[in-house]
Amino acid sequence: MSRSAHPAGPRHADVLPEGHYTAPPADLNALDAKVWARTVRRAEDGGVSVGGVEVARLAEEFGTPAYFLDEADFRARCAAWRDAFGPDADVFYAGKAFLSRAVVRWLHEEGLNLDVCSGGELATALSAGMPADRIAFHGNNKSEAEITRAVEAGVGRIVLDSFQEIVRVAHIAESLGKVQRVQIRVTVGVEAHTHEFIATAHEDQKFGIALADGQAAEAVRRALKLDGIELIGIHSHIGSQIFDMAGFEVAARRVVGLLAEIRDEHGVELPEIDLGGGLGIAYTSDDDPREPHEIAKALNEIVTRECEAAALRTPRISVEPGRAIVGPTAFTLYTVGTVKPLEGLRTYVSVDGGMSDNIRTALYDAEYTVALVSRRSDAEPALVRVVGKHCESGDIVVKDAFLPADVAPGDLIAVPATGAYCRSMASNYNHALRPPVVAVRDGEARVIVRRETEEDLLRLDVG
């Protein structure tokens with residue numbers, strides 16, 4: 001294919017005050033290890049590989065767009081979280097980030113627990129052999145059928161999200177002749193420094209029962225009186241994509257304060273505290289996430305200090321990393337279709353996917369980076385906007401980034417850190433077919449979630 005030069009727009013982003021970048025990276029062929037999965041490499045000939053398999057071969061075998069997941073990296077991150085918190089704490093993988101039966105098996109083998117928040121996620125977990133007592137069931141509006149299935153299966157905990165749910169779960173468990181272990185999710189009035197739609201601990205939102213005005217304390221009173229449930233702890237989650245531990249410190253202090261109130265009023269010291277997840281990952285080189293051992297050390301110190309001050313026994317800590325495990329382990333591979341330079345602005349690079357496989361840019365104004373992965377290029381950097389093929393002006397995958405100015409139709413480009421919330425939130429907008437998820441490890445690649453087909457779409461259309 002010809003790589004003839006064409007006007008590629010500006011070489012810097014100074015003309016774009018809303019842009020993320022102010023200057024191109026020193027080497028467009030370099031792959032920042034902080035952003036890419038651990039086995040991603042660029043070879044001498046310029047091609048990129050993951051798990052020992054070249055992306056050109058992956059594209060030929062599995063097509064594009066497609067998500068490629070570094071299985072060794074995923075397992076290593078599971079082990080890092082498990083080892084950081086040790087045997088006296090529980091690590092629950094947040095399945096909403098990305099869940100499949102293969103992932104469930106990996107979690108089981110690596111010793112992690114699993115957090116689910118729908119009947120479908122629960123069905124996936126159980127079908128893949130995750131022991132029910134290692135499953136936590138979340139959700140702000142669980143149906144009676146979902147609760148019944150969870151109780152019948154024997155899930156380790158159900159996280160109660162409202163006054164109605166306290167009664168509902170207790171009634172269902174009692175009718176089944178069981179006592180269901182539960183936690184109460186509280187909103188602690190801490191607003192994480194994140195996007196409005198993913199900050200979840202301030203009072204004006206749908207999750208949890210507020211500490212304010214004694215609502216959480218009243219929820220505890222009601223839960224302790226019911227025979228069908230056993231209250232084992234308090235749950236708190238303050239948001240997502242968080243880098244600053246200060247919010248966790250305030251949240252832990254307030255949750256421990258509630259534990260002290262419960263002890264003083266009821267003579268009960270609840271044995272568990274769940275501080276949720278939400279720890280950030282590196283989507284671009286500017287992001288600086290913490291390592292699991294740093295997070296574990298900080299959270300343990302916070303909880304221990306607050307419990308000592310309140311004269312409480314230190315409860316067993318649970319955490320729920322999802323994005324922090326799967327997010328960095330995958331990238332989305334695209335084929336370039338058209339390249340459209342806009343003189344004095346930027347170049348639009350259109351790919352064969354878009355907002356149907358990554359809605360996060362449109363939904364959260366999320367930032368990503370991108371790289372040319374099918375070859376090496378020494379061309380000048382060009383400011384680009386990577387866009388999809390959907391009939392929507394907001395169909396943007398990467399808002400502002402740099403690619404070589406000779407990027408052309410047929411090139412393979414990849415967007416890293418798409419393991420979390422991309423396939424999970426994928427859609428059939430414009431009747432697009434959702435991409436496959438392909439696990440790569442030790443020179444072998446295998447589909448763990450197959451690509452949708454037109455037959456799949458038409459099978460649901462009973463017209």
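Let's start with helix H2 (residues 71-85) and helix H9 (residues 292-309), whose axes come within 8 Å and cross at roughly 30 degrees. Angles under 35 degrees count as roughly parallel, so that is the label H2 and H9 get. Keep in mind as you look that this is a predicted model. The crossing of H2 past H9 is right-handed. On the H2 side, the contact is made by Ala80, Trp81, Ala84 and Phe85. H9 answers with Pro292, His293, Ile295, Ala296, Leu299 and Asn300. Sort the residues of this contact by class and you get eight nonpolar, two polar and no charged ones. The spacing of the names fits a general rule: an α-helix has 3.6 residues a turn, so residues three or four places apart point the same way.

Next, have a look at helix H5, which spans residues 144-153. H5 packs against helix H6 (residues 163-175) at an angle of about 50 degrees, and their axes are 10 Å apart. That angle makes H5 oblique to H6. The two cross in the right-handed sense. From H5, the residues in the contact are Glu144, Ile147, Thr148 and Val151, and they meet Arg168, Val169, Ile172 and Ala173 of H6. Here the contact holds five nonpolar residues, one polar and two charged.

H5 also packs with helix H4 (residues 119-127), at an angle of about 25 degrees and with the axes 10 Å apart. H4 and H5 are therefore roughly parallel to each other. H4 passes H5 in a left-handed crossing. Which residues of H4 and H5 meet? In H4 they are Gly119, Leu122, Ala123 and Leu126, while H5 brings Glu146, Arg149, Ala150 and Ala153. Five nonpolar, one polar and two charged residues make up the contact of H4 with H5.

One more helix is worth a stop. In helix H3 (residues 101-110), the buried residues are Ala102, Val103, Val104, Trp106, Leu107 and Glu110. Right after H3 comes Gly111, which has a positive phi, near 85 degrees.

Now for the strands. In general, strands of a sheet pair through backbone hydrogen bonds, either parallel or antiparallel. For a parallel case, go to strand S8 (residues 157-160) and strand S9 (residues 180-187): S8 and S9 run parallel and are joined by three bridges. In S9, Val182 is the bridge partner of Ile158. S9 is mostly covered, with seven of its eight residues buried.

How many residues of strand S19 (residues 412-416) are buried? The count is five of five. Leu412, Ala414 and Pro416 lie on one side of S19, Ile413 and Val415 on the other, and both faces are covered. S19 pairs with strand S14 (residues 330-342) in the antiparallel sense, over five bridges. Phe331 has Pro416 of S19 as its bridge partner. S19 is also joined to S16 by two bridges, and these strands run antiparallel. There, Ala371 is matched with Ala414 of S19.

From S16 you can step back to Tyr368, which sits in the loop between helix H11 (360-364) and strand S16 (371-372). Is Tyr368 buried or exposed? Its relative accessibility is 1%, and since buried means under 20%, Tyr368 counts as buried. Along the chain, Tyr368 and Leu69 are 299 residues apart, and their C-alpha atoms are separated by 17 Å.

Finally, there is an open sheet of three strands, in the order S1-S2-S3, with antiparallel pairing. Strand S1 (41-42) and strand S3 (53-54) stand at its edges with a single partner strand each, so one side of each has no neighbour in the sheet. S1 and strand S2 (residues 48-50) pair over two bridges, and Val48 in S2 is the bridge partner of Arg42.

Arg42 turns up again around Asn29, a residue in the segment before S1. Leaving out residues up to four places away in sequence, Asn29 touches Arg42, Arg376, Ser377 and Asp378. With a relative accessibility of 8%, Asn29 counts as buried.

Technical notes
Residues are numbered from 1 along each chain as its sequence is written. This is a predicted model: local features need pLDDT of at least 70, side-chain atom pairs count only at pLDDT 80 or more; totals for chains, interfaces and linings use all residues. Side-chain values use heavy atoms; hydrogens and water are left out. Two strands pair if DSSP finds at least two bridges between them. Helices (H or I, at least four residues) and strands (E, at least two) are DSSP runs, numbered from the N terminus. Axes are lines fitted to C-alpha atoms, for helices over the stretch in contact, and angles run from 0 to 180 degrees between N-to-C directions. Angles under 35 degrees count as roughly parallel, over 145 as roughly antiparallel, 65 to 115 as roughly perpendicular and the rest as oblique. A crossing is left-handed if the near helix is turned anticlockwise from the far one by less than a right angle, and right-handed if clockwise. Contact means heavy atoms within 4.5 Å. Ala, Val, Leu, Ile, Met, Phe, Trp, Tyr, Cys and Pro count as nonpolar, Asp, Glu, Lys and Arg as charged, and the others, Gly among them, as polar. Buried means under 20% relative accessible area, exposed over 50%, partly exposed in between (1.4 Å probe, protein chains only).
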